[in-house]
Amino acid sequence: MRWFCMAMTALLGTALLAAEGKTRALRFSKDEVGKPPAGWKAEKTGKGDGSVWKIVADDTAPSKTGYVLAQTAESPNSLFNLCVASDTSHTDVEVSVAFKAMHGKNDQGGGIVWRYQDANNYYIARMNPLEDNYRVYKVVAGKRIQLQTKEELKVPAGEWHTLKIEQEGDHIKCYLDGKKELDVKDDTFQKADRIGLWTKSDAQTRFDDLKVSGK
């Protein structure tokens with residue numbers, strides 16, 4: 001199975017969202033450089049130009065593929081940049097991703113989106129190296145509402161770090177580099193839906209090694 005997936009990736013030059021037991025792992029191909037990954041759609045919460053996602057070369061990619069997904073636009077301050085995996089649908093879910101903050105004067109870092117109904121309704125957990133905080137929110141009718149925060153967390157820009165979220169029922173747990181930092185309950189979004197990635201404003205961030213499991 002692993003050989004077959006590798007061969008298909010090389011042949012088709014598309015992003016591979018492949019089953020590894022009960023876990024799906026994202027990998028990228030060099031043939032997709034400069035384009036969004038296949039099966040993903042760039043979205044945005046708010047108005048204005050931005051949310052430009054593309055695959056770029058990065059020799060430091062944790063997945064060892066040499067290619068990562070990057071949000072590259074200097075979007076307006078109020079814009080949320082989203083990239084959503086079209087073929088995912090989970091209620092109870094575990095999602096992890098490596099991220100590296102590259103640039104951003106107004107904002108940095110990024111996060112994981114899940115139970116994504118549309119561009120105005122979803123959960124988001126994100127780390128911001130400029131503010132030294134890790135927060136979990138819900139976005140309802142386009143309005144971001146904070147559920148919990150952990151302050152005074154140092155995550156240097158230009159380095160890879162790992163975010164992970166787990167949700168079962170209304171119970172949400174959020175991890176940073178393997179340590180649980182947030183634990184909260186919320187039942188706003190209850191149906192199965194998509195997962196994705198997120199940055200805010202001019203945060204130009206790279207993502208790699210996305211893994212998803214759940215039901």
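User: I would like to learn how to read strand pairing, so which residue in strand 15 does Gly111 stand opposite?

Analyst: The general idea is that strands of a sheet pair through backbone hydrogen bonds, either parallel or antiparallel. In this structure, which is a predicted model, Gly111 stands opposite Trp198 in strand 15. Gly111 belongs to strand 8, which covers residues 110–118, and strand 8 pairs with strand 15 in the antiparallel sense over 4 bridges.

User: Which other strand pairs with strand 8, and over how many bridges?

Analyst: Strand 9 pairs with strand 8, again in the antiparallel sense, and this pairing has 6 bridges. One of the partnerships to look for is that of Asp118, whose bridge partner in strand 9 is Asn121. To follow the chain from strand 8 to strand 9, trace the hairpin that joins them through 2 residues.

User: What happens on strand 15 besides its pairing with strand 8, and how many bridges join strand 6 to strand 15?

Analyst: Strand 6, made of residues 80–85, runs antiparallel to strand 15, and 5 bridges join the two. Here you can look for Phe80, whose bridge partner in strand 15 is Lys200.

User: In what order do the strands of the open sheet lie?

Analyst: A sheet is read by stepping from each strand to its neighbour, and here 7 strands form an open sheet in the order 3-6-15-8-9-10-11, with antiparallel pairing. The edges are strand 3 (40–45) and strand 11 (143–151), each of which pairs on one side only. On average, neighbouring strands of this sheet are turned by 25° against each other, if direction is ignored.

User: Is strand 8 mostly covered or mostly open to the outside?

Analyst: Strand 8 is mostly covered, since 8 of its 9 residues are buried.

User: Now for the rings: how many aromatic pairs are there, and what is the geometry of the pair formed by Tyr123 and Phe189?

Analyst: When you read a ring pair, look at the distance between the centres and at the angle between the planes. The count for this model comes to 5 aromatic pairs. Among them, Tyr123 and Phe189 form an edge-to-face pair, with 5.1 Å from centre to centre and 80° between the planes. Tyr123 lies in strand 9 (residues 121–128) and Phe189 in the loop between strand 14 (179–185) and strand 15 (194–200), so the pair ties together parts that are 66 residues apart in sequence. Both Tyr123 and Phe189 are buried, and ring pairs link these two residues with Trp114 into a cluster.

User: Which charged ends sit over the rings of Tyr137 and Tyr175?

Analyst: In such a case you look for the charged end of a side chain above the face of a ring. The charged end of Arg144 sits over the ring of Tyr137, 4.1 Å from its centre, while that of Lys164 sits over the ring of Tyr175, 4.5 Å from its centre.

User: Finally, what is the phi of Lys64, and is Asp132 buried or exposed?

Analyst: Phi is a backbone angle, and its sign can be read residue by residue. Lys64 is not a glycine, yet its phi is positive, at about 70°. Lys64 lies in the loop between strand 4 (53–57) and strand 5 (67–71), and it counts as exposed because its relative accessibility is 73%. Asp132, also a residue other than glycine, has a positive phi near 55° and is found in the loop between strand 9 and strand 10 (133–140). Asp132 is buried, because its relative accessible area is 18%, and buried means under 20%.

Methods: Residues numbered from 1 in each chain as written. Heavy atoms only, no water. Phe/Tyr/Trp six-rings, centres within 6.5 Å; stacked < 30°, edge-to-face > 60°. Buried < 20%, exposed > 50% of the residue type's maximum accessible area, 1.4 Å probe, protein only. Lys NZ or Arg CZ within 6 Å of the ring centre and 35° of its normal. Pairing = 2+ DSSP bridges. Axes fitted to C-alpha atoms, helices over the stretch in contact; angles between N-to-C directions.
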